[in-house]
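Biologist: Could you walk me through this structure? I'm new to it.
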Amino acid sequence: MTDDAYTASVVGGTGFTGGELLRILAGHPDFEVVQATSRSADNMTVGRSHPNLRGLDLRFSDPDDLESVDVLFAATPHGVSMERIDEFFEAADTVVDLSADFRLPEADAYDEWYDGHESPEYLERAEYALPELNRENLPGADLIAGGGCNATATILGLKPLVDAGALGPDVGEVVVDVKVGSSEGGAGGGAASSHPERSGVVRPYAPTGHRHEAEIEAYLGLSVSFTVHAVDMVRGASATCHAFPDEPVSKGDLWGAYRDAYADEPFMRIVSGGGGVYRYPEPKSVAGTNHGEVGFELDPGNRRVVVFSAIDNMTKGSAGQAVHAANVALGLPETAGLEFDGLHPVGSP
C-alpha cells in the first residue's frame, strides 16, 4: 500500500460481491479499506463471512454509521443505493455502485424494466463502469454504475461487431443465450439456489424479458433476443451470441474487428478455435480474475456469426469491473489490484 492510498469502504460487505470487493481492495496498492458494513454481521469479523479473508483485521459495522472515505463501494441489493445516495455522497467523494440502481441512463427505462427510480436526478451524472465500453468518460467520474454480469458478457462479445458496423440498431439480428453460475443469485439465494435443487441443472430461469437486455440496448443500441440458463457452476457467465449480419462477413473481417477492439485492452483475450483443450472462451479459464475472453466462428451457409464470451460474474461482471473503473476514474494504473491470472488446473468455478 502506498503512503497516499485512497481510503475506501464497502457497504454491504457480507454478500458475495461485497466479499469479492474486500478481497481485491485488500490487495490493492492504492486503497486502504477502513470500513465494511453489514446489518446482519455488525461487529463480527470479515473472516466469519468470507473465510478466505480471515487474515484481514476488520470487523463489520452498522451501515447507518458511515465513515468518511475517499471512495465508497456499494454492494447492496437493488433499491438501496438510490434511496441512500445522498448519504453516500455525504460520506465519500466518489461512489461506485454495484447494483442496478444507476446503470441505465434514462428514468423511463427504470419504469419499464424495474419499479421506477427514487433518485432520477442522479442518472445523468452516473457513468457506466465497463472500461472497455466507456473508458473515455470515466476519468474524474464521481458516480460509477457497475454493469450487470450477463450484460457485461454479452456487451464484450458483441461490441466489436457493432464498432465494425456489422450490427447496429437497424442492422442484423442477434439471439443471445447466457449460462450463469449460482453466485449470481447472491448469498441469500433462495430455494432454487440450494445445493440439492441447483446441482446438476441446466435450468432456463429467464427465457425472455431479462432486465439486462435494457443495458445491451442502452449501450450497444441492439435489441436482442435474450435467454438465461442457470447451470451447475458457482462462478461464471458464458454468453453464446448468434448474430445474423445483413451483409456477409469473412473470417478476416472478424479477426480484424476483434483485434481492433481488444488488442490494447489489458484484461481481454481473444480465444477462437486455436489448439489445446480450451479452444473457445470458458468461465473456468477466467475464474477469480478480471479477464474476459471472447471468440467466434463463422457459419457462412446460414449467414451467421457465433460469438462466445466468458467472464467471472463476480469479478469482471461485478467487483473487478468496479475496481477497474475506479482505477480509471482516479487516474491509477488500470491493472492495479487486478493482476491475478487465475489457476490451472482447477475444479468447477
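Modeller: What follows is a chat about this protein, starting with its annotations and moving on to its sheet and cores. One thing up front: this is a predicted model.

Biologist: OK, what does UniProt say about residues 7-141?

Modeller: The unreviewed UniProt entry annotates that stretch as "domain: Semialdehyde dehydrogenase NAD-binding". In the model, residues 7-141 are 28% helix and 21% strand, and the C-alpha atoms at the two ends of the span lie 17 Å apart.

Biologist: And where does UniProt put the "binding site" feature?

Modeller: The unreviewed entry places that feature at T14, G15, F16, T17 and N313. The lining of the largest pocket includes T14, G15, F16, T17 and N313.

Biologist: Let's look at T14. Where is T14 found?

Modeller: T14 is in the loop between β1, residues 6-11, and α1, residues 16-26. Its relative accessible area is 24%, so T14 is partly exposed. Leaving out neighbours within four places in sequence, T14 is in contact with T37, S38, S40, A41, S49, H50 and F60.

Biologist: What about T17, which element is T17 in?

Modeller: T17 is in helix α1. T17 counts as partly exposed because its relative accessibility is 24%. Again leaving aside neighbours within four places in sequence, the contacts of T17 are A75, L98, M314, S318 and A319.

Biologist: Switching topic: how many strands are in that open sheet, and in what order?

Modeller: There are 7 strands, ordered β9-β10-β8-β11-β14-β13-β12, with mixed pairing. β9 (202-206) and β12 (268-270) are the edge strands, each pairing on one side only. Ignoring direction, neighbouring strands of this sheet are turned by 20° against each other on average.

Biologist: In which sense do β8 and β10 pair?

Modeller: Strand β8, residues 173-180, and strand β10, residues 225-231, pair in the parallel sense over 6 bridges. One example is D177, whose bridge partner in β10 is T227.

Biologist: Which helix packs on the sheet?

Modeller: Helix α6, residues 149-163, packs there and touches β8, β9, β10, β11, β12, β13 and β14. The direction of α6 makes about 135° with that of β14.

Biologist: Is β14 enclosed or open to the outside?

Modeller: Largely enclosed by the rest of the structure, because 6 of the 8 residues of β14 are buried.

Biologist: And how do its partners run, parallel or antiparallel?

Modeller: β11 and β14 run antiparallel, joined by 7 bridges. In that pair, H242 has V306 of β14 as its bridge partner. β13 and β14 also run antiparallel, with 8 bridges joining them, and there L298 is the bridge partner of V305 in β14. β13 and β14 form a hairpin with 4 residues between them. R303, in the turn, has a positive phi of about 50°.

Biologist: How many residues are in the largest nonpolar core?

Modeller: It has 37 residues, and L158, L161, L167, V176, I216, L222 and Y258 are those with the most contacts inside it. Helix α6 gives the most to this core, with 7 residues.

Biologist: Pick one, say V176. What does V176 touch?

Modeller: Not counting residues up to four places away in sequence, V176 touches T154, L158, V224, S225, F226, T227, T240 and C241.

Biologist: What does the second core include?

Modeller: The second core is separate and has 33 residues, including L53, F60, L98 and A329. You've met two of those names already: F60 is among the contacts of T14, and L98 is among the contacts of T17.

Biologist: Last stop, T152. Is T152 buried or exposed?

Modeller: T152 counts as buried, because its relative accessibility is 0%. T152 sits in helix α6. Apart from residues up to four places away in sequence, T152 touches L130, G147, I311, K316 and Q321.

Biologist: And G146, where is G146 found?

Modeller: G146 is in the loop between β7 (143-145) and α6. With 4% relative accessibility, G146 counts as buried. The residues G146 touches are D97, S99, R103, A129 and Q321, not counting those up to four places away in sequence. So Q321 turns up again, as T152 touches Q321 too.

Technical notes: Residues numbered from 1 in each chain as written. Predicted model: local features only at pLDDT ≥ 70, side-chain atom pairs only at ≥ 80, totals over all residues. Heavy atoms only, no water. UniProt positions renumbered as here; feature names shortened; annotations may be inferred. 1 Å grid on protein atoms, 1.4 Å probe; cavity = no way out; pocket = protein on both sides within 12 Å on 5 of 7 lines; lining within 4 Å. Buried < 20%, exposed > 50% of the residue type's maximum accessible area, 1.4 Å probe, protein only. Contact = heavy atoms within 4.5 Å. Pairing = 2+ DSSP bridges. Axes fitted to C-alpha atoms, helices over the stretch in contact; angles between N-to-C directions. Core = buried A, V, L, I, M, F, W, Y, C linked by side-chain atoms within 4.5 Å.
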